[in-house]
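Trainee: Could you take one strand and walk me slowly through it and its surroundings? I would like to see how a single part links up with the rest.

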Amino acid sequence: MKKFIIALLFILIFFTMLTCYRQKLNAENYAQQISTVSLTILPVTNLKIINPNVSETITEGAAAAEKFTSGDVEMASNSPTLIVNSNQKWKLTVKTSGFSGPYQKSANDLLLRDNASEHVGEEFKKYTELTLQDQEIASYEAGVKNESHPLQYKVLLDWEKDLPGTYTATVTYTLASSAA
């Protein structure tokens, strides 16, 4: 019986060693590491203005008289042009500082229209009087890339009030984004 147990023990040791050897032959040798990539994107807006300074000179003669008779002077088309970029919901607003000049011309004598076809509010598809407070020109519920807003100014004229001289108004455009 003792020989039988010793023989069984040798057989058991032999098969254990054989199994370990086979596992070693079949095992792959490799190393592994993990890398994590993280990107945080915050709200981004960009407003570019092309041809920001617009001017017109009313000279003497029939053409000048016609402008006063019609009650306004239309400034150059597509001047200025705004380019809107935003990666989320956005709103474009405008306000004026009012006029400085020989006579205190009303801020409402400056009108603006947006000739763009997309995202323009109904009010600014036609000439709209500007005010000292922000007014919404255009907005959209998602991001946009290089959306063009070709604008045009019109200035109201009055034979009795508009004295000779230079009238200047500052117009401020603001592009704001917000979470959708």
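Mentor: Let's start with a term: a salt bridge is a side-chain nitrogen of Lys or Arg within 4 Å of a carboxyl oxygen of Asp or Glu. A search of the whole structure finds seven of them, and one belongs to our strand. The model is predicted, so local features need pLDDT of at least 70 and side-chain atom pairs 80 or more, while totals for chains, interfaces and linings use all residues. Residues count from 1 along each chain as written, and side-chain values use heavy atoms, without hydrogens or water.

Our strand is S8, which covers residues 144-156. (Helices, H or I with at least four residues, and strands, E with at least two, are DSSP runs numbered from the N terminus.) Let's meet the partners of S8 one at a time. Strand S2, residues 72-74, pairs with S8 in the antiparallel sense, and three bridges join them; two strands count as a pair if DSSP finds at least two bridges between them. To find this contact on your screen, look for Val73, whose bridge partner in S8 is Val155.

Next comes strand S3, made of residues 81-86, which is also antiparallel to S8 and shares five bridges with that strand. A good landmark here is Ile83, because you can find Ser148 of S8 standing opposite. Then there is strand S5, residues 110-114, again antiparallel to S8 and again with five bridges. Here Leu111 has Lys154 of S8 as its bridge partner.

Keep your eye on Lys154, since we now come back to the salt bridge. Lys154 forms a salt bridge with Asp72, and the closest N and O atoms of the two are 3.8 Å apart. Lys154 lies in strand S8 and Asp72 in strand S2, so this pair ties together parts that are 82 residues apart in sequence. Lys154 thus turns up twice in our tour: as the bridge partner of Leu111 and in the salt bridge with Asp72.

Now follow the chain from S2 into the loop between S2 and S3, where you will meet Pro80. The peptide bond from Ser79 to Pro80 is cis, and its omega is near 0°. Another loop to visit lies between strand S1 (45-50) and helix H2 (62-70), and Asn51 is found there. Phi of Asn51 is near 55°, a positive value in a residue other than glycine.

For a second example of pairing, turn to the open sheet of three strands in the order S7-S4-S9, with antiparallel pairing. Its edge strands are S7 (135-140) and S9 (168-177), each pairing on one side only. Strand S4 takes in residues 90-100, and five bridges connect S4 with S7 in the antiparallel sense. Look at Trp90 to see this pairing up close: its bridge partner in S7 is Tyr140.

Back at S8, try tracing the strand once more on your own. Find Ser148 opposite Ile83, then Lys154 beside its bridge partner Leu111, and finally Val155 with its bridge partner Val73. With those three pairs in view, you have a contact for S3, one for S5 and one for S2.
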